[in-house]
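Hi there,

Here is the structure I promised to pass on to you. Please open it and keep it beside this email as you read.

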Amino acid sequence: WIRDEAVMIPGDETRTPQMRGVMIDITDRKKLEERLTHQAFYDGLTGLPNRALFLERLDHALARAARRPTDIVAVLFLDLDGFKVVNDTLGHTAGDELLKAVSRRLVDGSRADDTAARLGGDEFTMLLEDVSGVDEVARYATRVLERISAPVDVEEHRLTVSASIGIAISGSGDMSAEDLLRQADVAMYRAKQNGKAGFEIYDERMSVEAWRRLEIEAELRRAVEDGQLRVHYQPIYDLASGDIVEVEALVRWQHPERGTIDPAGFIPFAESMGLITEIDRVVLESACRQVRAWGTTGIDRRGLTLGVNLSAREFRVPGIVATVAEILEVTGLPASQLKLEITESVILIESDLTESIIRGLSDLGVRIAIDDFGVGYSALGYLRRLSADTLKIDRSFVAGLGHSREDAAIVTATIALARALDMSVTAEGIETAAQARMLRELGCERGQGYLYSRPVPPDRLADMLLAGTARSTSGTARRRPAESASPTGLASTP
């Protein structure tokens, strides 16, 4: 690249006309301009167009479609399912490699005039022009899902990922590029809610739901700040003696207008907002204080074990061991009475940080339970290395006892595995006396579920503990909890 600047010097009788000037090599400057332009409109990791360029192309496509009413423009909004697990377990370098692999698959499967772009994080978009209708777009989305779901090798790990896709299609009226992209985003959230690894096509009702989601997120932030979260407790029974030996702390949202909201109604929002860590700590400290209070007032004479669930995100925070130690010191609860429950997915992929945190918690004297055991990939090799104390059999397997040979075999194997590793076993979701009887016969030590009690407020659990203490001190024979259940499957008053 050359910049040429010159002026004409007129001639006269003694001098011929001349061009005088300077030529400057501006190749470096031109290359810098190209790099800056590329950085402004292309993603630095994948090389795909970024949000700005995508919206510019989408705007032009909509303008062309407006001049030709038969033209249809479609936008696909893709979000990878479970991408955070890859980042948290294998690291951001592996996550970047996965994003690049996905981007290549999107480009390779595109038509010549399509535009694939990366908006940021694990979000991608695709612009489809001149499509015949909804059916063609749906077939295209299906092919995209198939390409993305093919196994990919990342740093000696073979990973299989899926994506959720939202689809928005241009209508006959005026529509901006931002509007169409927003509609596709809303539809993508619906695909997530409907089980992931699929696609949804936008309709107007989704916008109403999206606004409601924003309202819930705002209300949830206020709930955390204003102390609207409450901790309920579900008793865990010794299946042989009928004693309450543990309690599991479960959070509830006491909404000022809608009443009590179960975790399923707000925990997914808390996770997407990044509030789950704060909620985890609120629940942990509140529950530790409560169990300690039961002990100091004489309600709990046996030293209940307190089970508290920790999210995968919280469990990978390097400072979690120090936080737990601080909460135990402030509340006065002995570490031996605390059992932190983590899901099997936390130990799914090797992580030095996970093992380090578990060792640190064990050194404090805190116990570890593997929750929902059997529904993941059953990382059996890790059970030998982790200082876990308890396996919790997932309720889906307990529900099959008595009519599913496969579920019965899984429960039997889990109990045998726990015994071999010197771990205790707790069955979740016990709803019938027959299930409780089978679990006892198989050697399961503890159980919880609606057969015995739903999660209850602290004062109700205190009454249950006092009733049990009164029976034991008076010498009254205690029936097993399964035998005291009402015909409806809910426990009668202890």
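Below is what I found in its sheet and in the helices that pack on that sheet.

First, please keep in mind that this is a predicted model. Its five-stranded sheet is open, with mixed pairing, and the strands come in the order 4-5-3-8-9. At the edges sit strand 4 (115–120) and strand 9 (199–201), each of which pairs on one side only. From one strand to the next, the twist averages 20°.

Now walk across the sheet with me. Strand 4 is antiparallel to strand 5 (residues 123–128), and five bridges link the two. You can find threonine 115 opposite leucine 127 of strand 5. Further along, eight bridges connect strand 3 and strand 8, again in the antiparallel sense. Here phenylalanine 77 has glycine 166 in strand 8 as its bridge partner. Strand 8 and strand 9, in contrast, run parallel and are joined by three bridges. Look there for isoleucine 167, whose bridge partner in strand 9 is isoleucine 201.

Two helices are worth a look as well. Helix 4 (residues 92–108) packs on the sheet and touches strand 3 (74–81), strand 4 and strand 5. The direction of helix 4 makes about 10° with that of strand 5. Helix 6 (residues 177–193) also packs on the sheet, touching strands 3, 4, 5, 8 and 9. Its direction makes about 140° with that of strand 8 (162–169).

Finally, why is strand 8 described as largely enclosed by the rest of the structure? Six of its eight residues are buried, so that description fits.

Enjoy exploring!

Best wishes

Technical notes:
Residues numbered from 1 in each chain as written. Predicted model: local features only at pLDDT ≥ 70, side-chain atom pairs only at ≥ 80, totals over all residues. Heavy atoms only, no water. Pairing = 2+ DSSP bridges. Helix = DSSP H or I, 4+ residues; strand = E, 2+ residues; numbered from the N terminus. Axes fitted to C-alpha atoms, helices over the stretch in contact; angles between N-to-C directions. Contact = heavy atoms within 4.5 Å. Buried < 20%, exposed > 50% of the residue type's maximum accessible area, 1.4 Å probe, protein only.
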